[in-house]
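Hi everyone, thanks for having me. Let's take a few minutes to look at one protein together, starting with a single strand and working outwards.

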Amino acid sequence: MGVAAGPIRVVVAKPGLDGHDRGAKVIARALRDAGMEVIYTGLHQTPEQIVGTAIQEDADAIGLSILSGAHNTLFAAVIDLLAERDAADILVFGGGIIPEADIQPLKDKGVAEIFTPGATTASIVDWVRANVRQPAGA
C-alpha cells in the first residue's frame, strides 16, 4: 500500500442474507466523521458486488459486517475475488458476531482485522488510520 492523495476510501458492506445493518451504519458514520470517504453498499450484497464496488470506487479498504454466521464463507469469497481481480491491495477488515475460534483462521485467510461486539468506534477509526495506506517501508 502506497501513499495516495485524498482521504482514505472505505467500502462498508453487508454480505449475504443478513438483514441487520445498524452496526454497519454506525461504523460508516464514524469513519465518515473521522474524515474518510465511505461508500455504504446496503444490505444483501454478494461478494462479487462488494468487490466490484470496491474496485470501481478505488477503495483503500473494505469493511464487512456480518451477524448471520456465514462469515467464514463470505469473507473468504471477498478475499479470493480481490486476488482474482488483481486487487489484493484493498485491505479487508470485518466485524459482527464472529466466534473467537474463527478469528485467527479468518486472519490467516487474509482478513486484516476482526472487531467483535464491544469494539468502540474510536478503536476502529484508529485501526483504519494506522493500517490503511501505510507508507512503503513503514
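**Starting from strand β1**

Four bridges, or 4 as I've put it on the slide, join β1 to strand β2, residues 37-40, and the two strands run parallel. Please keep in mind that this is a predicted model. If you want to find one of these pairings on screen, look at Val12, whose bridge partner in β2 is Tyr40.

How do we get from β1 to β2? Together with helix α1, residues 22-33, these two strands make a right-handed β-α-β unit.

Now to another neighbour. β1 is also joined by 4 bridges to strand β3, residues 61-66, and this pair runs parallel too. Here, Val10 has Ala61 as its bridge partner.

So is β1 covered or open? Strand β1 covers residues 9-13, and 5 of its 5 residues are buried. Both faces are covered: on one side sit Arg9, Val11 and Ala13, and on the other Val10 and Val12.

**Into the cores**

In soluble globular proteins, nonpolar side chains tend to be buried together. In our model, the largest nonpolar core has 24 residues, and Ile62, Leu64, Phe75 and Leu82 have the most contacts inside it. Elements giving two or more residues to this core are β1, α2, β3, α3 and α4. Helix α3 provides the largest share, 6 residues.

Try clicking on Ile62: among the residues it touches are Val11, Ile50, Val78 and Phe93. There is also a second, separate core of 18 residues, and our friend Val12 is in it, along with Ala28, Met36 and Trp127.

Methods. Residues are numbered from 1 along each chain as its sequence is written. This is a predicted model: local features need pLDDT of at least 70, side-chain atom pairs count only at pLDDT 80 or more; totals for chains, interfaces and linings use all residues. Side-chain values use heavy atoms; hydrogens and water are left out. Buried means under 20% relative accessible area, exposed over 50%, partly exposed in between (1.4 Å probe, protein chains only). Two strands pair if DSSP finds at least two bridges between them. A crossover is right-handed if, with the strands pointing away from the viewer, the path from the first strand over the helix to the second runs clockwise. A nonpolar core is a set of buried Ala, Val, Leu, Ile, Met, Phe, Trp, Tyr and Cys residues joined through side-chain atoms within 4.5 Å. Contact means heavy atoms within 4.5 Å. Lists of a residue's contacts leave out its neighbours within four places in sequence.
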